[in-house]
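Welcome! Open your viewer, keep the selection tool handy, and let's walk through this one together.

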Amino acid sequence: ATYFGNIITGTSTVSTVVELNIGGQIYTTTMGTLRKLPGSKLTEMFCSSTKACTDAEGRFFIDRPGTYFGAILDYLRSGQVPTQHIPEVYREAQFYEIQPLVKLLEDTPQIFGEQVARKQFLLRVPGYSENLELLLRLARAEAVAVRQSSVVVCVMRTEEEATRCAQPLHSLEARKMPVVKFGPWKVGPEIKDLLYCVEMDIKAQGYQVSCGSYYLDHAHRAKVTDCFHIFTFTWW
């Protein structure tokens, strides 16, 4: 039978075996394991005077994806740090506020690369997130009754490049070409690295996209080498 009773006081509850329903996946553990780390959300859930949510079988229910909860339990039981599905486990560790595991995972190459290296890299590009959203909106607006749509991206690292790009940008806008501008910025990302980030972030949202050079007319081409690129979206 599934235990559901006083989980707040008394040392006898520490070794009580309980069943959990995490988003439809069933786990068995002890109250002591769940309450192992003071300050975690799990400890709060199972030390609270508020009655926990249960399913039809009386199991404690948590409305989260259950796939990676086993890794959380393994860490609480034995200190085992996962070696697979690191980003997904990291997200769950953050949700349950398992801070020692969060810190350990932040030292792994996957999380360090995303949260420390790439995130700091992109913070040096003014308006990155807003420009990314604008790019997607323009691509969708251009996609009416066509298989592919394209948006020109102008990447300007310096104020000098921004000045040189002004006339080509004016020409593109006069021709009603959808254009998104990134930069300028003071230090940091190379253009190829920024383009890689833009393409990766678009693909992470489920879009099919490719990036290539955009060739301006001869009058402007020599002045703005490597500044203009085109993102092509395939819709069907």
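A residue counts as buried when its relative accessible area is under 20%. Select Cys227 to see that cut-off at work: its relative accessibility is 1%, so Cys227 is buried. Now look for its closest cysteine partner: the sulfur of Cys165 is 3.9 Å away, and Cys227 is in no disulfide. In fact, searching the whole structure turns up 0 disulfides. Cys211 is worth a click too, being partly exposed at 30% relative accessible area.

Before going further, colour by confidence, since this is a predicted model. The chain has a mean pLDDT of 88, with 90% of residues at 70 or more. Residues 1-11 stay under 50. Where pLDDT is low, the coordinates should not be read in detail.

Next, select helix α5, residues 99-106, and show the side chains of Leu101, Val102 and Leu105, which are buried. Look down the helix axis: the buried residues fall within an arc of 105°, so they line one face of α5. They pack against α3, α4 and α6.

Now for the rings. The structure holds 8 aromatic pairs. Pick Phe69 and Tyr96: their ring centres are 5.4 Å apart with planes at 65°, so this pair is edge-to-face. Phe69 is in helix α3 and Tyr96 in the loop between α4 and α5, 27 residues apart. Both are buried. Add Tyr27 and Phe95 to the selection, and you have a cluster linked by ring pairs.

What sits over the ring of Phe95? The charged end of Arg64 does, 3.9 Å from the ring centre. Lys41 also lies over the face of Phe95, at 4.1 Å.

Notes
Residues numbered from 1 in each chain as written. Predicted model: local features only at pLDDT ≥ 70, side-chain atom pairs only at ≥ 80, totals over all residues. Heavy atoms only, no water. pLDDT = per-residue confidence, 0-100. Contact = heavy atoms within 4.5 Å. Buried < 20%, exposed > 50% of the residue type's maximum accessible area, 1.4 Å probe, protein only. Helix = DSSP H or I, 4+ residues; strand = E, 2+ residues; numbered from the N terminus. Arc of directions from axis to C-beta. Disulfide = S-S within 2.5 Å. Phe/Tyr/Trp six-rings, centres within 6.5 Å; stacked < 30°, edge-to-face > 60°. Lys NZ or Arg CZ within 6 Å of the ring centre and 35° of its normal.
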